[in-house]
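Welcome! Here is a short briefing to help you find your way around a structure you have not met before. Take a look at it first, and then we can walk through it together.

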Amino acid sequence: MSLSPKWDNEAYVSVHLVQEMLIHAGIPKKLGSMSCWHPEFRIKMPKIDGSGFTEKKVDFLIEDHTRHVNFLIEIKSAKQRISDAARFQLVEKYLYRSNIKFGVLIDPFSIEIYEYGQIQPKATLKIEDPNHIEPIANFLKKFLETLKMRTIAIHTSKGGVGKTTLTINMAYELAKQGNRVLVVDLDDQANASLSLGVNKADEIDAASSLKKVEEILDSFEDRQELIEFLLECVLDDFDYRSYIYPSSFNSHLNRTNDGFIDVLPGSYKTQPHELERKPFADNRLNKGLQKLAGKYDYCLIDTPPTYNRITWNGIYAAQYIVIPSQMEYLSVYGIRNPIKQTREVREDTEDARAVILGIVPMMTDNTKINKTVLKLVKKTFDKIPILPELKRATDIREASHQRIPLSLLAENKPAAGSVAKQMANLTHNVVEKINSLETK
Ligand SMILES: Nc1ncnc2c1ncn2[C@@H]1O[C@H](COP(=O)(O)OP(=O)(O)O)[C@@H](O)[C@H]1O
Ligand SMILES: [Mg+2]
């Protein structure tokens, strides 16, 4: 096909191919805080003679917060097409230096998508006609969907209802199925971090005196964890890897699958006042998670039972919300808070965040009051799905006491099988709900 000489001009390619493609792929220039194009994105590079640094400009850095994905774009023209030198520069220099995982090379004849550290392209498309944007945009869109991390906050404004129990067990169920899971612990009580084996729970248990416990807790002082992640994620040299730790649950997972759990842990250091007077105070987790693009399939966020800056960060980062609640009159009253608060975030983000997947009836038994309240919940919140329940079971307490996942307890204790099954079923249901929302 012969192309008009206009395509020899890189600026023309940028406007008529690249920018059109981004818009058609659903990544507008600026959608609230949900997507952003940074033209002429600067990357710091060491000078060849070792005398300090110089800055190189990449045509675009694209942030797609809806999918928690970001990537660089280098544009070429019909005259100066994609070359080996350009490929080398993108992978070995730009991606390496920017700490961004994906890069796109595009000219009027083809698109190549590269991943940091890999010489072979991750995906390529031969462009039949650069004037015909739709198939090109679809190719990009499809690729971004494969990278997408699903973020789910387990949230309600009440304590002791099983938020942490749900978070860690859902994480395990998802990892068992081969998913790469990140658990973010926003609660300063840090029960999720303790259970998932990243907060020295064994050492604390074995401590012989209060002084010893204090010493152990003091050792978190220098650790990079959630609060530092929130404070530092907007810095140029931010590297998410220094804030994340592998869970001890991983030792129970079958090594033949790819699934694992990582934790962004918290501790008593998680204090909302640290974020006061910082720019984007509610949006820091959202921004930070962006930098993990392509690394995880699911991110589960355990929240504190209050509304403070830290909690808002969880809601602004979560595409989906799961609300656990006991089936008692007062608890039903408590469901109204998350419903009201998440509505504000949905309005603010044009439904890109805080979509409620459903209410999980927690610690239910066969009492009459439970049944009555469940009916009341269905009637009061008739637009919100009721997810599969988790019955009251001492085995849940036992698993959390032993700091093992429920399904592992059930492997050695058949009596725990039924409640473990409920947990697996709930996780399955949550995934199905998301699948159906995303294919709508
Ligand atoms: N279905 C259940 N049956 C019995 N105990 C449960 C159940 N779910 C949670 N628990 C127990 O209730 C306590 C509070 O749960 P937790 O997950 O820490 O709540 P939250 O994070 O909302 O404060 C824990 O000791 C946990 O083991
Ligand atoms: Mg908790």
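Among contacts in the protein chain between residues at least 6 apart in sequence, what percentage join residues at least 24 apart? The figure is 70%. Please keep in mind that this is a predicted model. The points below begin with the whole chain and then turn to a few places within it.

**The chain as a whole**
- The protein chain contains 15 helices and 15 strands.
- Its radius of gyration is 24 Å, close to the 22 Å that the globule rule gives for 440 residues, so the chain is as compact as a globular protein of that length.
- Measuring along the principal axes, you would need a box of roughly 75 × 50 × 45 Å to hold the C-alpha atoms of the protein chain.
- Of the 440 residues in the protein chain, 42% are buried.

**Around ligand 1**
- Ligand 1 has 16 residues around it, and those that come nearest are Gly162, Lys163, Thr164, Thr165 and Ser400.
- Three elements give two or more residues to this shell: helix H4 (163-176), strand E14 (355-364) and helix H13 (394-402).
- Sorted by class, the shell around ligand 1 holds 7 polar, 6 nonpolar and 3 charged residues.

**Where two helices meet**
- Helix H1 (residues 10-24) packs against helix H3 (residues 133-147) at an angle of about 60 degrees, and their axes are 8 Å apart.
- The crossing of H1 and H3 is right-handed.
- On the H1 side, the contact is made by Glu20, Met21 and His24, while H3 brings Ile133, Glu134, Ile136, Ala137 and Leu140.
- The residues of this contact between H1 and H3 comprise 5 nonpolar, 2 charged and 1 polar.

**One residue to look up: Ile106**
- You will find Ile106 in strand E5 (residues 102-107).
- Is Ile106 buried or exposed? Ile106 counts as buried because 25 other C-beta atoms lie within 10 Å, and the cut-off for a buried residue is 20 or more.
- Leaving aside residues up to four places away in sequence, Ile106 touches Leu17, Val18, Ile73, Ile75, Lys76 and Ile111.
- Two of these, Leu17 and Val18, fall within the residues 10-24 of helix H1.
- For a sense of distance, try Gln271: Ile106 and Gln271 are 45 Å apart in space, C-alpha to C-alpha, and 165 residues apart in sequence.

Note on methods. Residues numbered from 1 in each chain as written. Chains lettered and ligands numbered in written order. Predicted model: local features only at pLDDT ≥ 70, side-chain atom pairs only at ≥ 80, totals over all residues. Near = placed C-beta within 6 Å. Helix = DSSP H or I, 4+ residues; strand = E, 2+ residues; numbered from the N terminus. Nonpolar A, V, L, I, M, F, W, Y, C, P; charged D, E, K, R; others polar. Axes fitted to C-alpha atoms, helices over the stretch in contact; angles between N-to-C directions. Left-handed = near helix turned anticlockwise from the far one by under 90°. Contact = placed C-beta atoms within 7 Å. Buried ≥ 20, exposed ≤ 12 C-beta atoms within 10 Å, placed from the backbone. Rg over C-alpha atoms; globule rule 2.2 N^0.38 Å.
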